[in-house]
Amino acid sequence: MESYSLLTFFLTAALLVGGAILFSHYAAPHSVNAAKSEPYECGIPTEGPTWIQFHVGYYLFAIIYLIFDVETVFIYPWAVVMREIGLTAFVEILIFFTVLGLGLLYAWKKKALIWE
Amino acid sequence: MYDFGPLVNSITSWLDTTFSPFWAGLISMVLLGLVLLAFYAVLGLYLVYAERKICARMQNRLGPNRVGPGGVFQTIADLIKLLMKELIFIRNADSFLFNIAPFIVIVASIMAIGSIPFAKGLQAIDLNIGVLYILAISSMGVIGVLIAGWASNSKYSVIGAMRSGAQVISYELSVGLALLCIIAYAGSMQFSEIIASQEDGWWIFKGHIPAWIAFVIYLVAGTAETNRGPFDLAEAESELTAGFHTEYSGIKFAFFFLAEYMNMFIIAAIATTLFLGGWLPFHIWHFDAFNKVMDYIPPVFWFFGKTAFVIYLMMWFKWTFPRLRIDQLLALEWKYLLPINLMNLILISFLILMQWHF
């Protein structure tokens, strides 16, 4: 039943967007003109390629995010059973967060968290 | 008293006895889809209307007041107008990715809405990993945003998409960790069980100061995750025209706009469910007369009342705070929210260990 509900949500969303775009495609007026299909840039013609290698700062944050997000996934099962396990779980999360915090401190000291 | 379970069960059993299993399944799927669609459309339109009215009030204006009494049909008129507008296609854009992006954004928000508990028994799916599911699905939206910006082949769009990506993935960590605090308190990721654990008091009251800290962090990070002001760098009107959806026109633009408001609703609904007791009424300890009166208000009203309150807070942020710079934004997340969050989680596990909560 659950998988059917998920499938229903997916199909509903896809049909909503697809139907609306299809309707708009037929209902709306069309006209072709050279200036209209240019990227918007306040009226001046666009200069140079857009798809270039982007600022490295974004990738740096993406990598740090990846590390921490994977760590967060490990904490989910811990959080569910924390109450049952008790002291062992508490000591374990202390050790885990110490390692994680050292990682954050390292990134901080290496100036990876400073935007430039 | 106001349980939707029997109603849903009676519809399901009537379908099962009247039709063959295949048709019963199909009809219940269509019904679910129609209800979801109607809910999604009405909610989206009225959130936009509410935002315009509240923003107008805060800026000492009137806001929409021409179409219908008090302008209540303004957003419907806007929707019809957007449907009849031409879909402009950019010559150098990547046509496949350009068209697929609105699908991804809307699919992510509709699938997340499906698992929100609106009232007792009024929940399409009650997954045992509900919180994780919502986080996973709603983080798919950023892929749509990135694709939209990149495929447009416009400078403004690419800058907006990159900023949005950096911002959303950073703040997702804080959202997840703030919710983990409540998962640790409740000992479950299933929405129905989390709500059941709040019958004797909402977690924001039962959980002492750490729950408050988690709630504030969640609100800040949630506002950032929806790309709303003061964290609206991705679509900063004054510098990037409209950010990642600059090149989208007509109904495709409307879908990005709608998804932003629905994401705001999802964030507010999760805050309601985890911190503010979901559809449970407000109770004061051992004040039975008051509690009885509160019980008479249907759970649906409680849920939407609390959600509306959180949404109002988020709108208030947007129209009062100035926009942050990107270095301030990332510093706020990585140097303040994340360390505070980790400390908070340790504090909460200590409280649970010592049984120092109610």
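Biologist: What percentage of the contacts in chain B with a separation of 6 or more is accounted for by residues 24 or more positions apart?

Modeller: Two residues are in contact if their C-beta atoms, placed from the backbone, lie within 7 Å. In chain B, residues 24 or more positions apart account for 78% of the contacts with a separation of 6 or more. This is a predicted model, so local features need pLDDT of at least 70 and side-chain atom pairs count only at pLDDT 80 or more, while totals for chains, interfaces and linings use all residues. Residues are numbered from 1 along each chain as its sequence is written, and chains are lettered from A and ligands numbered from 1 in the order in which they are written.

Biologist: How many helices and strands are there in chain B?

Modeller: Helices (H or I, at least four residues) and strands (E, at least two) are DSSP runs, numbered from the N terminus. Chain B has 15 helices and zero strands. Chain A has three helices and zero strands, in the order α-α-α along the sequence.

Biologist: What does the radius of gyration say about chain A?

Modeller: The radius is taken over C-alpha atoms, and the globule rule to set beside it is 2.2 Å times the number of residues to the power 0.38. For the 116 residues of chain A the rule gives 13 Å, but the radius of gyration is 25 Å, well over that, so chain A is more spread out than a compact globule. Its C-alpha trace spans about 70 × 50 × 15 Å along the principal axes. For chain B, with 358 residues, the radius is 21 Å, close to the 21 Å of the rule, so chain B is as compact as a globular protein of that length. The C-alpha trace of chain B spans about 65 × 60 × 40 Å along its principal axes.

Biologist: What share of each chain is buried?

Modeller: A residue is buried if 20 or more other C-beta atoms lie within 10 Å of its own, exposed if 12 or fewer, and partly exposed in between, with C-beta atoms placed from the backbone. Buried residues make up 17% of the 116 residues in chain A; in chain B, 49% of the 358 residues are buried.

Biologist: How many residues of each chain are in contact with the other?

Modeller: In chain A there are 56 residues in contact with 65 residues of chain B. On the chain A side, α1 (2-27), α2 (56-85) and α3 (87-109) each supply at least two residues, and the largest share, 19 residues, comes from α1(A).

Biologist: What is there to read in α2(A)?

Modeller: The bend at a residue is the angle between axes fitted to the seven residues ending there and the seven starting there. α2(A) has a kink of about 40°, centred on A:A79. A:A79 is also buried, and other buried residues of α2(A) include A:F61, A:F68 and A:M82. The buried residues of this helix pack against α3 of chain A together with α7 (155-186) and α15 (326-354) of chain B. Just after α2(A), A:G86 takes a positive phi of about 80°.

Biologist: Is B:N60 buried or exposed, and which is B:N153?

Modeller: B:N60 has a positive phi of about 60° although it is not a glycine, and is found in the loop between α2 (21-58) and α3 (74-83) of chain B. B:N60 is exposed, with 6 other C-beta atoms within 10 Å. B:N153 also has a positive phi, near 60°, and lies in the loop between α6 (141-151) and α7 of chain B. B:N153 is buried, with 21 other C-beta atoms within 10 Å.
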